[in-house]
Every structure is written in C-alpha cells, then in structure tokens.
Amino acid sequence: MGKRNHIENSKGSIKVLQIIVITGFVIMLARIFHLQIIDYETYSPLSMQNSLRMEVVSPARGLIYDRNGVIIVENQPIYTITITPSRFNMEKLPLLSSLLQMDESIVENRIKETQQYSWYRASRLFTEVSIEVFSNIQENLWQLPGVGHLIESKRNYPTSVRASHANGYLREATREEYQLSDRIRLGEKIGRSGLEMIYEDYLSGETGTEYIRVNAYGQSLGPYDNGSLNVTPVKGADLITTLDVELQALAEELMENKRGGLVAIDPYTGGILSIVSAPQFDPTRLAGRMDQSYWQGLNSDPYTPLYNRSISSRQPPGSTFKPFMALAGLYLGIITPEWELYNPGYYQRGRRYNDLADPGNYNLHKSLEYSSNTYFFWLMDRIASRGLLNEWSKLIKDFGMGPLNNIDLPSERAGIIPDSTYMNSTFGENRWGIGDLMSLGIGQGMVSVSPLQMAVATASLANGGNRVQPHMVRAIREPDGEIQYTNPAINKIEWITPENLKVVTDGMKSAFLQGGSNYYGRIPDIEIAGKTGTAQNPHGEDHGWFIAFAPADDPQIAIAVLMENSGFGSVSATPIASLLIEHYLTGSINRPHIYDHVMNFRPQTEDEVGNEE
Amino acid sequence: MLQDKREFRWSVILIWIALFSFGLTAIYSATQGEVSQFLPAYILDNFYKQAVWIGISTMMLVAIQFIPPRTFQEGAYIFYLICIILMILTLFFGVEVSGSKSWLRIGPLNLQTGEITKIATILAAASYLTSRRDVTAENLKPALMTVLIFAIPIILLLLQNEAGVAIVYIGILPVVLFWSGLPYGISAFMVSPAVIGYFTVLDWKLGVIATIVMAIVIFLLQKRVWLTITSIAFGFLVIIGTEVALHQVLQPHQRARVESFANPTLDPLGAGWNVLQAKTAIGSGGLQGKGFMEGTQTQLRFLPEQWTDFIFCVVGEEFGFIGASILLILFALLFLLLLSMAATHKHPFAQIVIVSVTFLYFIHFLVNIGSATALFPIIGIPLPFISYGGSAFLTNTILLAICLNLDFNKRSLSIYR
C-alpha cells in the first residue's frame, strides 16, 4: 500500500473519505436521537423547571376578634428578600449589600446561614426591609440571579390590647417541625404560644402555588399557561374570642408593673372576658423580624414575662377558699347555716391555730363576713376526723379547682386539692395525720390553685352552681363565612342547693363590705359578692387574692385576681377587680383615687424578696 | 462556457438554499422572538445583516461561475500571499471582539481575515500539491511543504487568539495529504494525536486504550515498525501532555471548561451551565420540537450565542428530532455530493480543492454539533450556512462556488494535466 497509483488512489481514497463523512453523520444522528428521543423524559422536565418557577403564595392568616367584633390581631404587609444560594453569584455581593444598605459582612453571613438550610431552595435573606430597599432590589433583580422578593405579612395589634399571653406569638418553625409536617415550609412562622399556637391549623389557612414563566436571569415574565395550574391560597379562619377589648385594655393597664394573674369570666358561658398575666411582653416586638435582644431579655428576665401566671401559677387560695369550704360543709351535713361556734381567738387541736377575727359566737354568715379561721379549722377537723377527706376533695374539684380545666390556651397547669392518694404519695403511706390537713380548711398548706381555677370556681357561685368550661374562642369563622360555634359544655353541680348557695353568697356580700375591701372595692349602687385571701409565702411578702362576682343578685362577671408579693388581697387585688367590675358594668370608672392607688401600687421587688429570706 | 447548463450541479445549489433558509429561520427565532427583549440592540440586527450577506454571497457565487477555472490554480500563491499579509495586518491593526483580534476594517467592510485565508490556503496547498509528484512514504518533502503552507495561517490564528478556527485548519491538513497520496498508515498517524487527546480528556485510561488501538491500526496499514513505535511514543506523550495540561497548567475553572462536556453536573452553574442548557434545549425538543419561536430555552435566554455557536440548539429545540435530522441529512447530502464531484473529476487540483472544502465543512459540522450535543468540549466555531456570521457565510459560499466552477468546467480543466 506504500505507493498509490493516482487513479486508484482517487477511487480508494474517496471510499475512505465517504466512510468518514457517513460515520460522522451517523454519530451525530445517533447523538440527537439519544438526546431527543431516548432522553426526552430527562430533558423535557429540565427545560420546564428552567422556565417555570413555582412560587408559594402564603395565605392571609386568620384574624382574632374580641366578643364584640373588634379586631385584636390583624396582618400587616412586610417586605422580604429571598435568596437561592446555588443560583447566587458571590461576585454580586457588593451590589446586593449596597442595595440592601447593609454591611457586606452581615449579608455574607446571612447568605451562609441560608446555605445551611438549603442550597437549592429559596430562603428568606432579610425580612421586613423598607419599601425603598424592596423596590430597589426589585428593579435590579435582573442583575442578581438567585435573589427574589416576597410580600409577606406580620401580626399587628391595632388596639391597645396586647393580651400577649392569650394571643401568643409566632416564631419560625424549627427544622424538626419542618421535617415532621408536610404543611410547614422552611422559614415559615407558626404559632408558638397562646391562641396562635392552639388554633394554628385554623389560623394558618392553606398555602397556594403560582407558576410563573421566568427567563435565565430569573426575571418573571407573567403567569404560566394563564395561571391554569395555579392553586389559590385559602385564607386562614378567623377566631372570635370571648375577650372584651375595653375590659382587657383596662386590665392590662391596671396590671402594669405588677406581678400576678387575673381572669375575668362570663359566669354563664365560661367565656374569658379578660385574662392578664403580669409582667406582660410586647408581641409587636416579636412580630415580623424578631427583636433578638428583646427576646433574649424576655428569656433572662427574673420576673419571667413569658410565663402565663393566670393559668400556670399555683398558689394557696387562702381565705378565698372559705366559701367553697362552706358549701362542702353544708352538703356534708357537718354544719348548718344556723349552727354557731364559739371562737376564743384561736382553734386548739394539738396546737393553737390563730384567728385574727374577734372572739365570740360565729355562725356561717359571720364566719365568712369576718373571715374567721376558727370556724373553718373546726370544719376541716371534722371532715378529716370523719374520714371524709376524699369526699371533700371530690366536692372541691367539682368547682374547677385541682385538675386541668382544659382551657384553649397552652401551658395550663393543674392545681392541688389533696386526697388520701396525694397525702400518701407526699408523706408516705399512713405517715400523715389530721394535723397535716388542718390548714387546708383556710386555703393554706398543700392546696394550690391558679387564678383561672379560682375564676371558674367563682363563676359557679355566681351562676347558681354550674360548672362552666372556661374558653377563649367562642366561634371560628371559616373564610367562606361559615361560623362554627365552640359551644362549651355547662354542667350543673348536682350537690349545690340554692339555699346553701344563698347563705354563702350573702356571707360574701357582707365580707366585701368589711375593712379594706369596703374602702378599695365598694362601688356605689353595685352589690358585689367577694372574698379576699392571702396566700402565705415563705419566700417573701404574701400573695394577695381576691375573688368576686357582680352584681351579686344578677351576676354578669366573675373575677379572680392574684397579686404576687403584694400583701393583703384587699389592698392589692380587690381594687383591681373592683375597677374592672365597675368598668364592665357601667362603662366607666368614677373612682379616680382607686385608679391612682392601683396605678401607683408596686409589689415587693425581687431584691426585697431576697433580703427578707 | 460551452458545457450544457444541465451539467451544472443544481442539486448543490438547492441544498445550499435549503441550508441557509434553515439558518435564517433559526437566526430569526433566536433574535426576533420573545428573547429579543433580553438581547442587546446590535444582536437584534443580526437577522437582517445575515440576509444582506446572503445576498452578497449569492452575487459572488454567480460571479465566480464566470471565472476561468485555471485562474484559481494560477492565482493561488499570490492570493495566499495577500491573505497572509492581511492576517499580519489584522494582528496589528485589527479590531478586538470578545478577546480575539480577528477583524480587519477595510473601508466599510469588516473582514474576518482568518475566514478568507481558508480559501487561499486550500487553493495554495492544492496548487502546490498538483505541481509535485505524489506524496509517498519515501518522499515526504511535498508533505512537509504542505504542512508549512497550513502552519503559517495556523500560527497567525493562534496569535489572534482564534484557536477554534485554527483547529479547522489542523483538521483539513491530514485529509489533503491523504488525498495526495500520503500512505494510510502515516495519515492515521497524523490523526492519532487528536483521537488520543480526545479520549484522554474523557479518561486517561481510555487514552491508553486509544493509543494501543491506533498503533495496531497504523501497523496493519503500514507494517513499519519504526512508525508503530513512534506512534506509541507519541500517544503516550499526548496522554502525559494532556494530563499535565489539565492538572498542572490549566486553572481549575479552565479545566472544568474542558472537561464539563463529559460531566456537566460537576459544575452545573459554572462551566457546565452552557453544556447543560444546550443539552436541555435539544433534548426537550423531543420528536417534533416545541414549534417555531416557542422554544423556552431559546426564547428565555438560557442558551449562550444561540445565533452562532449554539444555533443547532435552536433547531433541535424548536423543530425537534425531525427538524434536526433533516438538517443533518442536508449536510450529509452536501458532503457526499461534493465527494462524488471530487471522485468524478480528473484534475488533481480540482480534486484536492473539492475534498478540502468538503472536509472544511465537515469539521465545522462535527465540532459545532458535537459541542452543542456535548460530545466534544465547547469549541466556538459556527455551523456552515446556518450560523450568523457574514465573513464565514461569504467564505463558505465562495468555496462552494469554486467547487461548482471546477466541477462544471471539468473537461476544459482536465487537458492541463
């Protein structure tokens, strides 16, 4: 083959060249066949993904209304910048930072954080940027591939009412929550306490999706296929609560700079009219872009503002327990309204139990009126010595004290109404005696309740002996306008008779007109049935209690107030309850000196508590 | 001009018209569709500029038919000399466009001198080889001279930073020499570095296999031990050279650019982006394509240079496998027609010119579509008659016109042999 004749050369060579050309053609044909026919299923979706962007459309979160239709919690638009780290070119960092009006290092750090969430999915880079920054970024999106924008919303509180513990707040879902739920998206805010948490599934609504045509720079070019694939978001359901905005606003004002819990309840329905735990926190500072230093401050505050005292605090009810003791004693047949006991100034049983009431003969009415301890020590002594402890415990629990009331708020805590099981587990089997039970009679010792429980119990005195289910939400209004009522149950407490109830109520009416209550609490033309109490506190100033319902003969409101480290209930708790009752029943406050007294009242501080120990 | 007009290769003209129509359609879609809003203004004119160039080229094609065929052979050296001077001038006075200095402004014309020099080089090499005895294994001097004729423009192109065009010259050279009698074995030896280099980029082990296979082929063709040994030695030099270049000389991003055709997912947003988008465009076209001006990859600006280097993606996406394979068939027909013209011609000058032109088109075809379909690393050269580009279209048309002229006048030319 070394030397080739020219003519044959042409013939041979042309074959070789033809083969080369045909081979090249066949390879290319095979290649496009492979790409377009065999791998079509691979590339077709790729090109779809390229040119289509699915955007999640957040639904408007449901609103929260008070009982009269006033909006307590609404939504306010906030502007968010998002980033898809994989598509973002770090060389654009200076441009992005200057548009955001932020330091490059801050932006860079935040981008790194988003990379840890997901490299390929859009994460929120900065939320709540100003509208100016937002529109600057929007105009420059074409030179910032991977950067996006969103209009979201944050919670806004249009009235002065914060009801921070009742409404709760939203926080970004954690990684775990995101992984457990197919509904929650990364970076999405979900209810973290209060109603926002309990009714999360109603409030959140259903997210929608929107398909948008985009070009290689990520610019959107309008809806895909005229939006035929889009799923419209469904707005969250609204909550219609039982709160009364005006009452709540006043309650929050009166509880400022105090510590304690307050629950006002509609005695016939169990609807919460007002619920305050002091100190409060400001939910506006947790809405939208969270104020981190504020949040850390809340968590390290020695007065624990995030703690909902109104449903979680557990304190001995003190003398506010006496009306319920009386009803139990009457039912058990140990006492009668007429029966009298001589009070020498103390009760003797193994040791002396002191009584601040004057010596003399006491019937039930007088015992309640002057809050005589002797009468109730005697009563508890009889209950204990006749082996009726468990029966007694059951009767008291019927009022809503002790076990959970299952209010529609998170972190409610049960109280303690001891029975033999409880005593055995605390002291050991049969290692306790009557002496350990005596103080229960006057609401001290192991018995402990929350303000909510006292409010529910007070409601049952007000409504003729019915156990109400305390609740925050009266109705849920679906986005289509359909209203579901919660209709909580009301149960008659069978063993309470109207006659017995009248004796106790009369005793409370008289008690209210005694001493401090009379001065701080009495409202002209409104009869109140109330009872003060003081929970002994070994760690500092006593906690003051007050329970009341009014008007005494036609109750509209039942209330329980607990004031921590504030001494006598009559001075600390009574005026607050009284002002709330006055405002609720008359629409205004006509006793400015009482209002001023409350506003200037300060509980013992933590330092003082510490010094006393 | 005594021949019957029916002997003119009208079929070639028909294919030429079909190809540039295809091209104009694709350029129109690539620049005038929805995508136009994302393109700079000067790109929007490309369609109209191309139409004007097609008009000019058509006139050239007709005019060339009236030139006596001998002129091409006789004037080849002078033309070659002029072109080389123009290229040198370009090097000093040229206009720089996106990193390469390949444009020379002559009056109102912007000329890509490297394109015109293709014509000159082919004619000069053909002219030279025609005047010599055949190349043989014993007499390689004409072969070396031919290499020199090619080497000058190649060096100038490399200096202009036009490596893509240089590759085309390098590709034609073995074909020209092979046609002129260079033994099969030595021809295979000339091609082997490209083959071995290609496989080495994929995987050095494949490079070794390619070296061994090529050595066996060369031995079977030539039965010369020294040639076989040299080919093995060369093969390993290529492998080592390629590996060193990839891992030591090139920066990681440059290396990624070379390797990304084989594995675009290594760096899907960097070097692999173009490869991935090009494959996606073609692949998502499916059998029937998305329709004229309906390609999302094309219209939403996912393709780079879609009016030139990536024009095949536009065809693939919008006209599907049917459209793309029609285009391939048109090219194959053109190549085979040209080769048959060469085969039936009796004059070696005409043969060498036609074969060179065929392979010039073929290499463009292979490299351009190979780049778009990720068979090869992305080498930016246009698809003949399809891609936007006036100088290239004119050059390719002139070359075609010369082939047609030589073919039409084959009887009058053959006397001179």
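The following paragraphs lead through a predicted model of two chains, taking chain A before chain B and ending where the two chains touch.

Chain A contains 24 helices and 23 strands. Of its 613 residues, buried residues make up 44%. Counting contacts in chain A between residues at least 6 apart in sequence, 72% join residues at least 24 apart.

A convenient place to enter chain A is an open sheet of five strands, whose order is 12-11-23-22-21 and whose pairing is antiparallel. Strand 12, covering 272-278, and strand 21, covering 529-535, stand at the edges of this sheet, and because each has a single partner strand, one side of each is left without a neighbour in the sheet. On average, and with direction ignored, neighbouring strands here are turned by 5° against each other. At one end of the order, strand 21 of chain A is joined by seven bridges to strand 22, residues 543-550, and the two run antiparallel; within this pair, A:A529 has A:F549 of strand 22 as its bridge partner. Helix 19 of chain A, residues 451-462, packs on the sheet and touches strand 11 (260-265), strand 22 and strand 23 (557-563), while its direction makes about 150° with that of strand 23.

Chain A also offers a helix pair that can be described in some detail. In general, two packed helices are described by the angle between their axes and the distance between the axes. The axes of helix 10, residues 245-254, and helix 22, residues 569-586, of chain A come within 10 Å and cross at roughly 155°. Angles over 145 degrees count as roughly antiparallel, and helix 10 and helix 22 of chain A are therefore roughly antiparallel to each other. The crossing of helix 10 of chain A past helix 22 of chain A is right-handed. On the side of helix 10 the residues that meet its partner are A:E246, A:L247, A:L250, A:A251 and A:L254, and on the side of helix 22 they are A:I576, A:L579, A:L580, A:H583 and A:Y584. By character, the residues of this contact divide into eight nonpolar, one polar and one charged.

Two individual residues of chain A illustrate different surroundings. A:R474 lies in strand 18 of chain A, residues 473-477, and it counts as buried because 22 C-beta neighbours fall inside 10 Å, where the cut-off is 20 or more. When residues up to four places away in sequence are not counted, A:R474 touches A:R67, A:I240, A:T241, A:T242, A:G271, A:Y485 and A:T486. Between A:R474 and A:P488, which are 14 residues apart in sequence, the C-alpha to C-alpha separation is 8.4 Å. A:D282, by contrast, is found in the loop between strand 12 and helix 11 (292-300) of chain A, and with 15 other C-beta atoms within 10 Å it is partly exposed. Leaving aside neighbours within four places in sequence, A:D282 is in contact with A:R162 and A:S164. The C-alpha atoms of A:D282 and A:L298 are separated by 9.8 Å, the two residues being 16 residues apart along the chain.

In chain B, three strands form an open sheet in the order 1-2-3, again with antiparallel pairing. Strand 1 and strand 3 of chain B stand at the edges, each with a single partner strand, so one side of each lacks a neighbour in the sheet. Neighbouring strands of this sheet are turned by 40° against each other on average, direction ignored. Three bridges join strand 1, residues 95-97, to strand 2, residues 100-106, of chain B; in strand 2, B:W103 is the bridge partner of B:V95, and B:S100 is that of B:V97. Strand 2 also pairs over four bridges with strand 3 of chain B, residues 109-112, where B:W103 stands opposite B:Q112. Strand 2 and strand 3 of chain B form a hairpin with two residues between them, and B:G107 in the turn has a positive phi of about 60°. Helix 6 of chain B, residues 113-131, lies across strand 2 and strand 3, running at about 60° to strand 3.

Finally, the chains meet where 35 residues of chain A are in contact with 44 residues of chain B. On the side of chain A, the elements that give two or more residues are helix 1 (6-38) and helix 2 (40-51), and helix 1 of chain A gives the most, with 18 residues. The residues of this side of chain A divide into 15 nonpolar, 15 polar and five charged.

Key:
Residues numbered from 1 in each chain as written. Chains lettered and ligands numbered in written order. Predicted model: local features only at pLDDT ≥ 70, side-chain atom pairs only at ≥ 80, totals over all residues. Pairing = 2+ DSSP bridges. Axes fitted to C-alpha atoms, helices over the stretch in contact; angles between N-to-C directions. Contact = placed C-beta atoms within 7 Å. Parallel < 35°, antiparallel > 145°, perpendicular 65-115°, else oblique. Left-handed = near helix turned anticlockwise from the far one by under 90°. Nonpolar A, V, L, I, M, F, W, Y, C, P; charged D, E, K, R; others polar. Buried ≥ 20, exposed ≤ 12 C-beta atoms within 10 Å, placed from the backbone.
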